Amino acid sequence: MSTKTIIDAKQNTYKGRNYITIAALVIMCILLSFAILGYIKVRAVFTTNQKVINANRVLFLNQEINSQTKDVVIGTRGYVIAHDSSYIRPFTEGRKKIKIYFEEITNLTAADPEASTLINRLKKLVDDRITISFLIMEIGGKNDQKSTTAFKNVFSKANALMDDIRSTSQELQEKYEAIIKDSLLANESNLRNAMIIFIILFAFINVILFIIYRMFKIDITGRIKAESDLRNTNKNLETLVEARTQDLKRSYETLETKVTFRNLELEKLNKAYKEKIDQLEKRN
Amino acid sequence: MLKPIELNNITEEHILGNWRVQSKILNRSDPESPFATAEEHHFLKDSIYKTLNGEDLLGKWVLFLETDIIKSPLLKFTLKNQAVNTIITLLLYTDDKEHAQLTIYFDTGLELVLLKN
């Protein structure tokens, strides 16, 4: 093999290694992109879920505010009709709860200006309604003509406020029901996308693992076969050498036997000639 | 497949039969001898020996072992009232005893490779 061929072979090997490195980097980038995309989608699902939970809480608080306002109104009416101070209790407790609920709902809707406006409006209406309840209780305790007229006016205003409270609350409820519906739809879409991304990612990783496995298997199989071939060749070579050695040994022994045999026969001949010469000498 | 027979274990039974020449190495001193020219060598019972397809002759053959000096068995021929000594250098037989190869070496240097089948 010439030096140039060796250099070319080395350069080709380096080129091959570079291609493999580039391919590995590209694959890593693709995998990373898919993983990031999948993470974003999953995170979006969690964020939307939190949004749904908050929206449900807002709906619950809205209903509770409505309900407590009704309790306050009913307590006021009971006190005015029966003049029984036990009706003051739902009124007082209702007020406290309404205050707590408004604090929580205000926090939950702080990020949404439209909802905050609605909450503020609702809060103002409920506060007004509670103020009127105080007034009703005050007027309801008196029994003169003037108070009766004032009671009618206030009661009419209270009814109008209750209507406003109901409509505002309804508006808030519709808004948050729409938010929940949209969020659930978005969640469904995000989950579907995340699933698709992870399936693709999983399949891609499997394909890469399979390719790596095949590469290693081919490499190992080739190496095992080469080792086995080498072992067989060595074994055959040993057998061949052994056979050749035996042949040589046999040939040498045969040659040795042949030489000995010929020497013996020559000795016999020599002996015969010697006897013949002796006989001739004796005759002479 | 032909397998070698241990030289010390060769008996007359191994030699008996009709053998034809497969190859030979001729000696320079006597290339026209009856042993060199014959194409077939018959080793028969009662020590009868025949050469055929060359100079057809009738003689005697005897097998004996002389292990003190030469480890190979000796084949002694008597042909035209002359005794000729040879040694067996190789004898191969198949397991079924159907085929055999015999190599004999003469003191003149002649070597015959005979086949039996």
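**Figure 1. The hairpin of β4(B) and β5(B) in a predicted model.** Strands β4(B) and β5(B) form a hairpin, with 4 residues between them. In the turn, Asn53(B) has a positive phi of about 60°. The two strands are antiparallel and are paired over 4 bridges, with β5 of chain B covering residues 57–65. Within this pairing, Thr51(B) has Leu57(B) in β5(B) as its bridge partner.

**Figure 2. The hairpin of β3(B) and β4(B).** Strand β3 of chain B, residues 40–43, runs antiparallel to strand β4 of chain B, residues 48–52, and 4 bridges join them. Phe43(B) is found opposite Tyr49(B), a residue of β4(B). This hairpin has 4 residues between its strands. Asp46(B), which lies in the turn, has a positive phi of about 60°.

**Figure 3. Chain B as a whole.** Chain B contains 2 helices and 9 strands. Along the sequence, these elements follow the pattern β-α-β-α-β-β-β-β-β-β-β. Of the 117 residues in chain B, 22% are buried. Among its contacts between residues at least 6 apart in sequence, 41% join residues at least 24 apart.

**Figure 4. The largest nonpolar core.** This core has 25 residues, and those with the most contacts inside it are Leu122(A) and Val126(A). Four elements of chain A give two or more residues to the core: α1 (3–82), α2 (88–108), α3 (113–140) and α4 (145–283). The largest share, 10 residues, comes from α3(A). In soluble globular proteins, nonpolar side chains tend to be buried together.

**Figure 5. The surroundings of Leu122(A) and a second core.** Which residues is Leu122(A) in contact with, leaving aside its neighbours within four places in sequence? They are Ile165(A), Thr168(A), Ser169(A) and Leu172(A). A second core, separate from the largest one, has 21 residues. Phe261(A) is included in this second core, as are Leu7(B), Phe35(B) and Tyr105(B).

**Figure 6. The contact between chain A and chain B.** Chain B gives 9 residues to the contact, and chain A gives 8 residues. On the side of chain B that touches chain A, the largest share comes from strand β7 of chain B (residues 82–93), with 3 residues. The residues on this side of chain B are divided into 4 nonpolar, 3 polar and 2 charged.

Methods: Residues numbered from 1 in each chain as written. Chains lettered and ligands numbered in written order. Predicted model: local features only at pLDDT ≥ 70, side-chain atom pairs only at ≥ 80, totals over all residues. Core = buried A, V, L, I, M, F, W, Y, C linked by C-beta atoms within 7 Å. Buried ≥ 20, exposed ≤ 12 C-beta atoms within 10 Å, placed from the backbone. Contact = placed C-beta atoms within 7 Å. Pairing = 2+ DSSP bridges. Nonpolar A, V, L, I, M, F, W, Y, C, P; charged D, E, K, R; others polar.
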